[in-house]
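Colleague: I should like to understand how the terms used for a model follow from its computed values. May we go through the reasoning step by step?

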Amino acid sequence: MARAVSPRRRMIFTVLAWSIAFVIFFPVLWTVLTSFKTEGEAIHLPPKFIFFDWTLENYAVVQERSNYLKFAMNSVFLALGSTFFALVIAIPAAWAMAFAPGKYTKDILMWMLSTKMMPPVGALIPLYLIFRDLGLLDTRGGIIAVLMLLNLPIIIWMLYTYFKEIPGEILEASRMDGASVGKELLYVLAPMAVPGIASTVLLNIILAWNEAFWTLSLTTKDAAPLTQFIASYSSPEGLFWAKLSAASTMAIAPILVLGWFAQKQLVRGLTFGAVK
Amino acid sequence: MGTITLRNVRKAFGDAIIIPGADLEIGHGEFVVFVGPSGCGKSTLLRLIAGLEDLTAGEIFIDGQNVSDVPPSKRGLSMVFQSYALYPHMSVRNNIAFGLKMAGMPKDEIEAKVMKAAATLNLTEYLDRKPRQLSGGQRQRVAIGRAIVRQPKGFLFDEPLSNLDAALRVNMRVEIMQLHQDLGATMIYVTHDQVEAMTMADRIVVLNRGVIEQVGSPLELYHRPDSVFVAGFIGSPRMNLMTGVVAAKHKAQTIGVRPEHMAIIPSGGDVDGTILLTEHLGSDSFLHVDGGEAGRLTVRASGDFAGKPGDKVSLKFEPDRIHKFDGSGRAVR
Amino acid sequence: MATQQTRALGRIAVAPSVIALFLWMIVPLSMTIWFSFLRYNLLDPNPACSLLTPGQLLDEANRCFAGTTNYYYFLTDPAFFKAMRNSLMLVGWVIAISVIGGTLLALLLDQAIYGRNIVRLMIIAPFFVMPTVSALVWKNMMMHPVQGFLAWITKSLGLGAIDWFAHYPMTAIVIMVSWQWLPFATLIILTALQSFDEEQKEAAQMDGTPPLSFFWYMILPHLARPITVVILIETIFLLNVFAEIYVSGSGGRAGNLPYLVYQYGLLSNDIGGASAGGIVAVVLANIVAFFLMRMIGKNLEG
């Protein structure tokens with residue numbers, strides 16, 4: 001850290017980095033700016049960057065016309081629901097694999113990962129038919145189950161890598177103190193793993209929120225989350241850019257904020273612990 | 001009460017045999033130290049007694065009751081871990097109280113016991129701190145506090161002092177011995193440090209590659225080691241072990257003489273040699289002597305010994321302090 | 001390092017996850033395999049073959065069993081070659097762009113610059129944008145041939161407007177998807193860079209190592225593993241890109257394998273054909289997965 005860097009060099013790198021970052025960030029920024037314009041200004045050339053009549057009208061229209069809140073609620077339900085149920089079965093599993101590994105633990109972990117590599121199209125047709133026959137199409141319960149299973153391997157893996165960092169002696173101490181396995185999990189392991197569990201939850205919410213293949217194929221209206229909401233703008237409302245922008249901003253804002261908080265943990269989660 | 005009996009206790013991890021078979025009787029109120037080099041199975045033996053590992057074969061009895069298949073929480077033992085294993089998210093108070101809470105004891109009773117333990121261990125003013133806010137010695141006390149509140153039949157210590165600096169270690173050693181006297185409870189203490197074993201133990205169990213080499217009081221082990229291994233392990237500086245011609249003179253494969261049992265005389269001793277270097281401790285001096293065929297020897301001399309490296313010396317062994325061992329390393333008496 | 005009792009409890013604790021994932025994997029997959037050998041079209045007026053009892057199925061074997069016909073038609077469909085080509089182009093280009101760009105960008109971000117955290121936040125942002133949003137924003141506001149922002153830039157530079165999605169749909173999709181995955185590669189490579197031992201850097205400085213040799217002999221070997229991980233993970237995800245193509249309406253010309261399967265199944269109602277396509281996709285993904293698993297498996301040992 002104590003390397004001497006000439007101020008000139010530092011300035012050049014700073015300008016370069018900021019310029020590239022600006023270009024990469026621009027589509028997001030542009031969407032947010034456009035959402036505050038009138039439709040006329042939105043398609044105006046040359047583009048208006050800051051000096052236009054700022055308006056909130058688009059947000060009101062979007063909510064009114066396409067009921068943003070309903071889709072947003074579905075997104076929240078699906079993300080939280082799938083995360084919650086996945087955690088309930090993943091925490092005990094990760095505990096067992098980290099602290100009471102058997103001969104096949106590594107194989108099971110690898111196998112779980114392999115389910116993640118199944119292309120969804122390989123399962124699309126049967127799942128669609130099963131959902132149709134069981135009346136699960138376009139229901140929250142059905143999609144929650146799918147999203148939970150989809151991300152379960154990542155959740156178990158992340159928890160596993162976090163749990164591995166907790167010294168086993170502490171759990172043994174609680175066992176000596178007379179705690180049953182349930183109490184050991186609840187009073188000792190879970191509180192100690194709070195940061196790890198929180199990161200896992202965060203990552204899973206992000207993944208579930210942005211999941212588009214299954215939500216687009218298995219929902220239409222009642223259980224449709226924001227991915228579907230936005231897809232409905234592909235035409236002809238797509239021509240109304242200001243409204244499209246307002247809708248898009250509302251769809252990505254919550255997750256963008258969460259994502260910024262979670263970026264460090266994200267690396268570990270998305271690489272299954274291969275890069276920390 | 002708190003007697004612990006091991007009967008033909010075996011432990012293997014897969015093909016690796018850690019403990020081929022151990023028998024041991026520990027009486028009520030005894031302070032027993034398991035000592036041996038790292039990897040000798042002493043910690044495994046302790047964890048078997050605690051119930052944190054399964055027995056491969058054999059039986060363990062506590063107060064005459066077979067506990068071989070009893071889970072750790074039901075064995076009535078407390079353990080102090082090498083890393084202390086304090087619950088990092090709980091205050092000192094809750095760390096100490098956790099076991100009592102798990103046992104479902106009423107709140108006011110828990111509070112009273114925690115306060116008493118804290119007073120004994122000088123922890124009263126730290127009760128609301130988290131473990132990370134404590135020094136190493138304080139953490140150690142919390143770990144002990146957590147063990148004593150449950151009033152167990154026996155205490156298990158797994159190298160509890162190895163993470164402390166030298167000065168603190170001496171203090172804690174005294175405190176643990178004091179605690180043993182006050183509580184009168186059975187304690188099993190694992191260490192690789194023979195000084196700790198000698199100073200603390202009522203009885204020492206010396207382990208080597210999973211085998212109990214010898215069990216006895218510190219002085220018994222010092223005066224009458226049963227094997228070359230025990231002879232070399234107990235005592236500081238180490239006993240001088242000699243083979244070849246020097247040993248043959250005493251009709252043994254190996255002979256051992258402690259540094260303090262050799263006298264320096266001008267000539268005509270058992271071994272003639274040259275001083276290589278001297279260490280002056282004030283009270284004593286230790287000489288490292290090249291004893292020719294006898295190998296390199298350590299000799300204790302008085303604090304004001306004036307010899308210099310290069311000086312010729314002759315070493316005379318105290319005749320009744322020569323330990324003789326046969327080809328298999330067992331003592332010949 | 002645990003007792004029989006805990007291990008027994010451990011098995012119980014692992015069971016729900018294992019069973020759930022096993023069903024999730026095996027039920028749809030075996031159904032897909034089964035369907036892929038059937039003549040099964042949702043528009044067929046006869047009862048679906050998958051609903052028949054085994055006895056009925058034997059009676060109607062001629063009508064129902066397609067043998068390898070579905071595979072034959074899928075694999076010889078010109079659309080399959082196009083979809084394969086598109087799939088591979090998409091994977092190849094996006095990986096090339098995100099790995100090379102990501103490495104350079106990560107090296108830049110690893111320098112002493114002002115406001116590094118803010119720069120990092122801006123760069124990672126696209127990764128959190130949901131695919132459907134990204135598709136519509138790029139298709140409309142960025143790449144619209146008349147009013148799009150890029151059109152404005154190219155026109156201002158005197159190059160004239162480009163109708164990206166009409167004339168270069170594949171390029172448009174590659175740009176859009178790279179925009180999402182470049183941040184991912186950057187973030188991972190940057191994380192790996194920051195774990196580079198500072199003392200090694202200083203030692204190299206003391207030795208007077210020129211920057212380029214330092215990069216080649218020290219940094220690049222250190223980055224070999226994270227880059228491999230990025231490549232493998234991106235391959236898995238990129239082979240499955242769907243929403244971007246579907247929502248931007250470029251499936252006709254830039255459609256990849258998943259889109260083709262979707263087209264067979266939910267658009268043409270040819271369940272048998274779609275299933276055969278699904279199995280082809282599974283086989284391809286497994287080849288990639290094999291290498292990824294070996295990478296991660298090695299990491300488990302360490």
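Colleague: This is a predicted model. Why is Gly14(B) called exposed?

Modeller: Gly14(B) has 6 other C-beta atoms within 10 Å. A residue is exposed if that count is 12 or fewer, and therefore Gly14(B) is called exposed.

Colleague: Where in chain B is Gly14(B) placed?

Modeller: Gly14(B) lies in the loop between strand E1 (4–13) and strand E2 (16–26) of chain B. The C-alpha atom of Gly14(B) is 10.0 Å from that of Thr56(B), although 42 residues separate the two along the chain.

Colleague: What makes up the pattern of chain A?

Modeller: The pattern of chain A, read along the sequence, is α-α-α-α-α-α-α-α-α-α-α-α-α. Chain A has 13 helices and zero strands, and its C-alpha trace spans about 70 × 70 × 35 Å along the principal axes.

Colleague: What percentage of chain A is called buried, and what makes a residue buried?

Modeller: Of the 276 residues in chain A, 54% are buried. A residue is given this term if 20 or more other C-beta atoms lie within 10 Å of its own.

Colleague: How many residues does each of chains A and C give to their contact?

Modeller: Chain A gives 87 residues and chain C gives 84 residues. On the side of chain A that touches chain C, helix H1 (residues 7–34) of chain A supplies the largest share, with 16 residues. That side of chain A divides into 68 nonpolar, 17 polar and two charged residues.

Key
Residues numbered from 1 in each chain as written. Chains lettered and ligands numbered in written order. Predicted model: local features only at pLDDT ≥ 70, side-chain atom pairs only at ≥ 80, totals over all residues. Helix = DSSP H or I, 4+ residues; strand = E, 2+ residues; numbered from the N terminus. Contact = placed C-beta atoms within 7 Å. Nonpolar A, V, L, I, M, F, W, Y, C, P; charged D, E, K, R; others polar.
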